[in-house]
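Grab your viewer and a notepad. Below are some exercises, each with a solution worked step by step.

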Number of protein chains: 2
Amino acid sequence: MYHIGFQRMTRQRKIILEKLRELDTHPTAEELHALVRRQLPRIGLGTVYRNLELLSCAGMIQKLATGGEVMHFDGETKEHYHARCVKCGCVRDVHMPQLSLSEKALRAAGDFDIIGHRLEFLGLCPKCKRGKRRARGKKKSVRTGRKKRKRKSKR
Amino acid sequence: MYHIGFQRMTRQRKIILEKLRELDTHPTAEELHALVRRQLPRIGLGTVYRNLELLSCAGMIQKLATGGEVMHFDGETKEHYHARCVKCGCVRDVHMPQLSLSEKALRAAGDFDIIGHRLEFLGLCPKCKRGKRRARGKKKSVRTGRKKRKRKSKR
DNA sequence: TTACTTGCAAATCGTTTGCGATATA
DNA sequence: TATATCGCAAACGATTTGCAAGTAA
């Protein structure tokens with residue numbers, strides 16, 4: 001779980017990094033998996049997750065952990081903020097100067113040692129604004145297709 | 001999944017709300033469940049989740065959802081920010097004036113309609129600062145005790 | 001050659017949900 | 001009494017992980 005980096009630049013690692021970097025969107029692991037699969041049909045979702053973790057530990061990509069949502073990944077490592085659509089969950093870049101934490105803010109944090117912050121904007125993306133219900137479809141589970149349960153409980 | 005509110009103030013609902021409001025910490029559903037159980041030994045974790053959802057939809061509490069993290073809940077509904085310990089994950093209040101989004105920031109968001117923001121501070125809580133590995137113990141699964149797998153895979 | 005990585009699939013675990021029973025209004 | 005809500009336990013789903021086989025260095 002604690003990685004320092006990686007040892008080898010494997011084919012899958014390289015392609016995952018390339019694909020992510022040539023995107024200006026911020027895909028989820030599954031979306032990226034689907035993309036990479038076009039080049040490496042047999043690559044597993046686990047491999048994608050493992051590499052995204054390693055690459056982000058190495059500071060070569062960014063993990064975007066934002067409120068109560070699926071994780072997104074960003075090939076851009078320069079500091080910047082993000083806006084998330086509250087309807088479809090998509091993410092876009094917001095380039096503005098980094099917030100400078102005032103003395104007052106730091107004091108408000110009391111006995112916490114503040115080392116950073118995470119600022120995320122919430123809004124409506126152009127597609128959702130236009131009334132589309134979801135700009136991005138809900139995808140089905142990757143795991144063994146389990147079906148809707150229909151149980152009998154005996155208390 | 002889309003709730004407007006609730007119809008009845010049940011005993012469990014009332015106690016969950018009371019307990020959460022008298023805390024100045026920001027417990028997870030499981031932590032709150034453990035607390036409430038002292039008064040209602042047979043209350044289920046599902047009931048706690050259901051009520052926290054309903055109460056937050058009704059605007060009576062706040063859900064603190066940050067990516068890739070366990071959900072925390074806050075009995076305080078007045079707008080304020082939070083600081084999260086990067087080591088143990090605990091959350092504390094940060095009372096400072098709400099950020100006012102500048103024209104420039106809004107322009108930076110491009111074709112997104114910004115309706116709000118989420119700001120969270122990251123840092124070290126006093127306990128973790130003092131070198132303790134974890135200020136809050138890892139708790140075991142609530143679900144049917146499944147044991148470490150030990151499999152044989154055949155490719 | 002060797003040990004880092006992969007593909008695969010099962011496991012994890014926070015959270016949700018179906019169902020019959022219970023209790024609120 | 002009617003039905004919102006509960007307790008229980010199974011299901012869900014994004015992410016992680018064990019293992020044998022593959023491969024970069």
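**Exercise 1: one helix and its buried face**

In helix H2 (residues 29-37) of chain B, the buried residues are Ala29(B), Leu32(B), His33(B) and Val36(B). Work out where on H2(B) they sit, and what covers them.

*Solution.* Start with the terms. "Buried" asks for 20 or more other C-beta atoms within 10 Å of the residue's own, with C-beta atoms placed from the backbone. Helices (H or I, at least four residues) and strands (E, at least two) are DSSP runs, numbered from the N terminus. A word on the model too: it is predicted, so local features need pLDDT of at least 70 and side-chain atom pairs count only at pLDDT 80 or more, while totals for chains, interfaces and linings use all residues. Residues are numbered from 1 along each chain as its sequence is written, and chains are lettered from A and ligands numbered from 1 in the order in which they are written.

Next, the geometry. The buried residues of H2(B) are Ala29(B), Leu32(B), His33(B) and Val36(B). They span an arc of only 105 degrees around the axis (taken from the directions from the helix axis to the C-beta atoms), so they lie on the same side of H2(B). An α-helix has 3.6 residues a turn, so residues three or four places apart point the same way.

Last, the cover: it includes helix H1 (11-22), helix H3 (45-57) and strand S2 (72-74) of chain B.

**Exercise 2: how the copies relate**

Find the operation that lays chain A on chain B.

*Solution.* Superpose by least squares on the C-alpha atoms of residues with pLDDT of at least 70 in both copies. You get an RMSD of 0.2 Å, with a turn of 179 degrees and a shift of 0.1 Å along the axis. That is how a two-fold axis relates copies. In chain A, the C-alpha nearest the axis belongs to Leu119(A), at 2.2 Å.

**Exercise 3: the contact**

Which element of chain A gives the most to the side that touches chain B?

*Solution.* Count residues as in contact if their C-beta atoms, placed from the backbone, lie within 7 Å. That takes 33 residues from chain A and 32 residues from chain B. S5(A) gives the most to chain A's side, with 12 residues.

Now pair the strands (DSSP must find at least two bridges between them). S5(A) and strand S5 (residues 113-124) of chain B run antiparallel, joined by 11 bridges. Leu119(A) stands opposite Leu119(B), and Gly116(A) has Leu122(B) as its bridge partner.

Conventions. Contact = placed C-beta atoms within 7 Å. Buried ≥ 20, exposed ≤ 12 C-beta atoms within 10 Å, placed from the backbone.
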